[in-house]
Amino acid sequence: MLIAAAFATLPALSLFALLFGRRAWSHAVVYLGCLGASLCLLAGGLVHLGGHPGAAPTLVLPFGLPWVEAHFRLDNLSALFMVIVDLSAAAASAFGIAYGSHVPEPRRVTPFFPLFLFGMNGVLVADDAFMFLVAWEFMSLASWALVLADHTRAENRKAAMVYLTMAGFGTFCLLPCFGLMAGPGGDYTFAAMRVHELAPTAGFLVVLLVLLGAGSKAGLVPLHAWLPLAHPAAPSHVSALMSGVMTKVALYGLIRVLFDLHGEVGWQWGAAMMVVGGVTAVLGVLYAVLQDDLKVLLAYSTVENIGVAVIGLGLALAFKDSGEPALAALALVAGLYHALNHSIFKSLLFLGTGAILTATGEKSLNALGGLLNRMPWTGAAFLVGAAAISALPPLNGFVSEWLIFQSLFQGPSLPHWAMKFGVPVVGALLALAAALAAACFVRAYGVAFLGRPRSEAARGAVEVPAVMRLTLVVLAALCVLLGAMPVVVTDSLSGVIAPLIGVHFPVSADLGWPWLSPVGATRGSYSGTVLVMVGALMFGAAILAVHGLGVRTLRRAAAWDCGHVEDNPASQYTGDSFAQPLRRVFAATPFRARETVEMPEPGDLGPARHTVHLIDPVWQGLYVSLGRLVDAIADQVNRLQFLTVRRYLLMMFATLVLLLLVVAVRQP
Amino acid sequence: MEQHQALSYDVAHLIGATVLMAGFGLLYQRRLFAVLNTFAFQALALAAAAAWQARIQDAPHLYATAAIALVFKALAVPFALHWLVEKLGIHRTVETALSIGWTMIVGVALVALSILLVLPVTAGAAALTRESLALAMSVVLLGLLMMITRHNAVTQVVGFMALENGLLLAAVSAKGMPLVVEISIAFSVLVAMTLFGIFFFRIRERFDTLDLHYLETYRGDRH
């Protein structure tokens, strides 16, 4: 009831924004409404998970196509993703109350924001293919309009165009995917798809199509090209949702099809997903570490984290098909935990970037610096997010990556030799990605918040309004909380996935609360709770010792300048110089990174120039050559426009004769 | 009775084959007036086929079809085209895109194709209908072939009319084709004929020729 009311509110808010968009106060009202609606949906999801986890209330409404009714259903998986989506949605709405008036044209953002939330939640509760795709398109188109909000800049228009193309491609793949699952009977409800047995070829195509369709929305390499263009183009609170949440809706689509609707997916697909996930993770973070624009960096980091979660999903598929339900449950719990964590810290980081944008108007790392002193709240919250996404204990990112590693270490128990040898390779890729992610966020945080300001805008930054600060602090607290209470999360997650895998797997069985011991007490255990408590204790003791016994006066002095009296902030470590070693080691081959140095002649007073050339292998290799191919084919086909009358007749004649020949040959 | 059946079958077959032969004749002619005469002969054979079908099927309305074919297709259309050719002073050689020898070979292949196709497909139908359908389809394909291998607009129109003759042949051989359909086909052909005539005049006024080459080079997107 609550959920239905919240659903009905969102389109109404959009209409309200359309009608009263001229008034300045209307934007705050709309975001406030969105906050209320998403809190209601969040509460609904939590109540469902906590109150009656096994139940799956359904609702059939008489609209949609004349012969298809609209089916809705709220089961465990939907409720879990509803929590993921609406947690970040609430944060983004709250942030939007203050931030919404800072975007260039608020009237181009406010009407679509509730629709975006509506679409994402609609995907989660849809129980037939028709409603699923309608909601999916709602989500895509609303977010497309939001990407286009700042339409005066050419790169945003290009981003929106690429995004629209990729969204169309994704839905184009999902459509036949559901068609195949519905079978010749044409019953598009998910209930019918669950019982429908798929032929081998159809089953193969379904998995391939859903990987292409949902994978393009999630940003799996090589379908990620739109993501780093489109996510940064939208206003920051929308970027937070697109990056933190919309990719999770795509993961929901993957899980729904692969674990629920499609009966049996072979372990080979699990292996393929793990490879794709590993490559996505490494390439995503390699891109990220080279970026100068903070929002683009975060978008690429989303690509990496989706790769990590997909590794978990692929491993779960492989274990499930190999008759190891307990390990499958572990891998799926790890993947979902990571999805939940990523939605929170990615929202936190994007909203933090929004705060930086509000304060300075800059999002280029080379124009920031020294913000920690000027924006202590934002800086502290951003630090928590950066530490969490770098998978540092005791924060939440560590727990989920640790769990994924724990399940990867069980890979050799799979019966197939390819997996026995392949899983450690994926593990190595994941380790590399995790290390690079840490480097990436050390760089991002260090360059943006530490050191001296690199521009006037950064020097004049002031802390953002209280609503924004509060949002950031709440998200940062969630990062700590989810890291400190991992057992609570894993227990509820294993309840969520029990219907999908078939077993209820307690991750903390051996040692009991509060220890996570997925594969036995001796093989590895972790307790965030104990770690946080011990850490807090020691931290408190250290502070007490330092402040109680040490000097109380605060002394500010000039930083040691190595003997150079140089007051130019550009002489600090910059983002580019920090990334240089990584670029030389890792990016030389995949991105063909080349550095050229132009030294002025002796006596010439001009500056030396150091330029870096990078080539995006996926964009150049796949998209550009695909575009060329399409152009070439179009040129060939275009000739058909200029034939003579007789040639047209000849073509008709030839087609007719050919078809007749086919009939003549094929008849018995 | 048996004998009567066999005779009616043979005669129908003979007339149908005559229509087909006339189709080949159309492809073989090198002079425009000879093409028109052959076309008139084909239409005459078609009228005979319709009349014969009317007799053996006991379907008096087919006599009306035969009369329409005789009046319009065997007399009116050839005379009108004849008049047009003289009036416009059209070049009276048939200009071919494919040499006549090759055209004939392709035509024979098309006839073989339609026989191969129609006979097995219509295995359940009466023998009379099957043979006639194969012949009719051959005539249709030959008409199309004529349209694509000839440059001159008049020969293209004749090809179109020959194609339509094939359709009519198929229609009269199948039992139960309503008269209304045949009359409407006949009238539509006549209307098409009138339109073609008007267009001939217009094209001629503009380009001084009916060779379609000139029409093609005149389109706006070509220079």
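**Exercise 1. Describe how helices α3 and α20 of chain A meet in this predicted model.**

*Solution.* Start with the geometry: the axes of α3(A), residues 76-99, and α20(A), residues 486-501, come within 8 Å and cross at roughly 140 degrees. Next, add the hand, which is left-handed for this crossing. Then find the residues that touch: α3(A) brings A:Asn76, A:Leu77 and A:Leu80, while α20(A) brings A:Gly495, A:Val496, A:Pro499 and A:Leu500. Finally, sort them by class: the contact has 5 nonpolar and 2 polar residues, and no charged ones.

**Exercise 2. Work out whether helix α11 of chain A is extended as expected, and how enclosed it is.**

*Solution.* First, take the span. Helix α11(A) covers residues 267-289, 23 residues in total, and reaches 33 Å from its first C-alpha to its last. At 1.5 Å a residue, 33 Å is expected, so the span is close to that value. Second, check burial, where a residue needs 20 or more other C-beta atoms within 10 Å of its own. Of the 23 residues of α11(A), 19 are buried, so the helix is largely enclosed by the rest of the structure.

**Exercise 3. Find the largest nonpolar core and follow one of its residues.**

*Solution.* Begin with the core: it has 219 residues, and those with the most contacts inside it are A:Val210, A:Val333 and A:Cys479. Now ask which helix gives the most to this core: helix α13 of chain A (residues 325-360), with 21 residues. Then follow A:Val333: setting aside neighbours within four places in sequence, A:Val333 is in contact with A:Leu403, A:Thr490, A:Leu493, A:Ser494, A:Ile497 and A:Val507. To finish, look at the second, separate core of 56 residues, which includes B:Leu20, B:Ala45, B:Ala49 and B:Leu145.

Definitions and conventions:
Residues are numbered from 1 along each chain as its sequence is written. Chains are lettered from A and ligands numbered from 1 in the order in which they are written. This is a predicted model: local features need pLDDT of at least 70, side-chain atom pairs count only at pLDDT 80 or more; totals for chains, interfaces and linings use all residues. Helices (H or I, at least four residues) and strands (E, at least two) are DSSP runs, numbered from the N terminus. A residue is buried if 20 or more other C-beta atoms lie within 10 Å of its own, exposed if 12 or fewer, and partly exposed in between; C-beta atoms are placed from the backbone. Axes are lines fitted to C-alpha atoms, for helices over the stretch in contact, and angles run from 0 to 180 degrees between N-to-C directions. A crossing is left-handed if the near helix is turned anticlockwise from the far one by less than a right angle, and right-handed if clockwise. Two residues are in contact if their C-beta atoms, placed from the backbone, lie within 7 Å. Ala, Val, Leu, Ile, Met, Phe, Trp, Tyr, Cys and Pro count as nonpolar, Asp, Glu, Lys and Arg as charged, and the others, Gly among them, as polar. A nonpolar core is a set of buried Ala, Val, Leu, Ile, Met, Phe, Trp, Tyr and Cys residues joined through C-beta atoms within 7 Å.
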